[in-house]
Amino acid sequence: VVVTAEEKVDKEAVTAGLVEWYTPEQEVPDSKPAITGIKVVTQPTTLVYDEGDTFDPTGIVVKAVYGESGQESADVLTGMTYEPSGALSADDTTVKVKYGEFETTITITVRSTATSASVSNAEDFATALANASIVNITITGDFTVDNATITRNITIYGSLKVKAFTVNENATLTMADGRIVSDGDLTISGSGKIVATAYEATNVSARKDLSSIYAGGKLTIDGTTVKSNGIYTVGNIEIKGGADVTSYGKNVYVGGGDGANGIHSESGTVTVSGAETVLNVLYDDAVREKTPAAFQAATLAIDGATVNVASTDGSASWGYAVWSDGNFEMTVTNGAQVKFDVDASSSDSHWGSIVCSSDMSGISIKVSEGTSAGETTSFVVETSAANGFDINLVKEGQELVTVSYPGSESAEQQAA
């Protein structure tokens, strides 16, 4: 960047050492800082391939890098070339991104056809399962099965309609762009892993369609590691057996109406139990418009488990930790560790950004040690507003509760 003494200059350019000063008497050369490299600032959409596929750069964003400071250009580069440009093999682990004399690399995965299969129907899926050498199966399209045991890594491009399934240890079910759906009860078990965080709701007319996991009856998660963009059920929700569940909140909502809650049970009871069971309900979006709640339920029972309501780094916050359409009852017992960390600065007129109910007099919170041996039961509330939580709602075990808000030091201070 070159400027005369009469011109204004961007402060960041000065800091980066990209400015040369010229007096009005000097001739200003027609030059720009030299490009010293290129940088991939957004990865391409597809990073996993099968042998024989060709690299797809869709979604990639590349910018120039200037000077020793490595400052990125504001403009996005076009006209890059990529190597290899032909069919990929299982030995290919990187792709070169070239722009003129400059290049960088991105990391990809290419699955061997000897150990991977792509199927589009139940018959081909059964054939792939029968082949013991196949460890990665890709299903291209929606898939329906009543019951299944997943013993391999399976990726589904579409939605899975199922009543019950088990994910075995070391196996992963990845929902590449769809949802897991059951018209009735849904049972998920096994010590494997489910990743259902790619689903993005668009043009939906019902709140139930906003979440990556939906059950038209009761949902049970027993021992499985699950990551999902929201969970919605008509029936109750039970999480147990050492399950490790994370439900992410996004700024999605029914047009002009309700936002997506993290955990939403129409019938109203959510139970999280077991010393090894963990439930994280995390808001994961820079924007929050419809004051969503981490939980929408009438009863929340946490027995010995760990429950954390918070936000991911750099995100906005849940509008509420809990929302209930009527009376609300919560129990925290038997060494359970519970933390609510939300931004209580909500535009909603209801009192209580931690627990909000249409009948505020019907809130009951019970925090007690219970009878099981283990860690001390704890209920920690962190909020940005002094009226975010009323310690007097706790029916017993107030000494087990910690409340933090601007200017507070302890739960006892707020109670006073």
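Two strands are taken to pair if DSSP finds at least two bridges between them. The model described here is a predicted one. Under the pairing criterion, Ile38 has Ala64, in strand 5, as its bridge partner. This contact belongs to the pairing of strand 3 with strand 5 (residues 61–66), an antiparallel arrangement that extends over six bridges.

The two strands form part of an open sheet of three strands, in which the order is 3-5-6 and the pairing is antiparallel. Strand 3 (35–42) and strand 6 (71–76) occupy the edges; each has a single partner strand, so one side of each remains without a neighbour in the sheet. Neighbouring strands of this sheet are turned against each other by 40° on average, direction ignored.

With regard to the overall composition, the protein contains three helices and 40 strands. Of the 416 residues in the protein, 45% are buried. Among the contacts with a separation of 6 or more, 55% involve residues 24 or more positions apart.

A further open sheet consists of nine strands with parallel pairing, arranged in the order 14-17-20-23-26-29-32-35-38. Its edges are formed by strand 14 (147–150) and strand 38, and because each has a single partner strand, one side of each is left without a neighbour in the sheet. From one strand to the next, the twist averages 5°. In general, the strands of a sheet pair through backbone hydrogen bonds, in either the parallel or the antiparallel sense.

Within the nine-stranded sheet, strand 20 (residues 186–189) and strand 23 (residues 219–222) run parallel and are joined by four bridges. Leu186 stands opposite Leu219, which lies in strand 23. At the edge formed by strand 38, the pairing with strand 35 (residues 328–333) is parallel and comprises five bridges. Here Thr331 is found opposite Lys366 of strand 38.

Side chains in a regular strand alternate between the two faces of the sheet. Strand 38 shows such an alternation: Ile363, Ile365 and Val367 point to one face and are buried, whereas Ser364 and Lys366 point to the other face and are not buried. Ser364 is located in strand 38, which spans residues 363–367. Its relative accessibility is 24%, and Ser364 therefore counts as partly exposed, given that buried means under 20% and exposed over 50%. Apart from its neighbours within four places in sequence, Ser364 is in contact with Phe328, Glu329, Met330, Leu393 and Lys395. Lys395 is separated from Ser364 by 31 residues in sequence, while the C-alpha to C-alpha distance between the two is 6.8 Å.

Several backbone features occur in loops. The peptide bond from Glu83 to Pro84 is cis, with omega near 0°. Pro84 is situated in the loop between strand 7 (81–83) and strand 8 (94–99).

Positive phi values in residues other than glycine were found for Asn170, with phi near 75°, and for Asn334, with phi of about 60°. Asn170 lies in the loop between strand 17 (164–167) and strand 18 (172–175), and Asn334 in the loop between strand 35 and strand 36 (337–342). With a relative accessible area of 72%, Asn170 is exposed. Asn334, in contrast, has a relative accessibility of 16% and so counts as buried.

Attention was also given to empty space in the model. Rolling a probe the size of a water molecule over the atoms shows where such space is left. The second largest pocket encloses about 280 Å³. Its lining consists of Thr45, Thr46, Leu47, Val48, Arg111, Asn136, Thr138, Thr155, Tyr157, Thr174 and Ala176. By residue class, the lining of this pocket comprises four nonpolar, six polar and one charged residue. Strand 12 (136–140) and strand 15 (153–157) each contribute at least two residues to the lining of the second largest pocket.

Definitions and conventions. Residues are numbered from 1 along each chain as its sequence is written. This is a predicted model: local features need pLDDT of at least 70, side-chain atom pairs count only at pLDDT 80 or more; totals for chains, interfaces and linings use all residues. Side-chain values use heavy atoms; hydrogens and water are left out. On a 1 Å grid over the protein atoms alone, a cavity is a set of points where a 1.4 Å probe fits but cannot get out, and a pocket is an open set with protein on both sides within 12 Å along at least five of seven lines; lining residues have an atom within 4 Å of a point. Grid points are joined across faces, edges and corners, and a volume is the space filled by probe spheres set on the points. Ala, Val, Leu, Ile, Met, Phe, Trp, Tyr, Cys and Pro count as nonpolar, Asp, Glu, Lys and Arg as charged, and the others, Gly among them, as polar. Axes are lines fitted to C-alpha atoms, for helices over the stretch in contact, and angles run from 0 to 180 degrees between N-to-C directions. Buried means under 20% relative accessible area, exposed over 50%, partly exposed in between (1.4 Å probe, protein chains only). Contact means heavy atoms within 4.5 Å.
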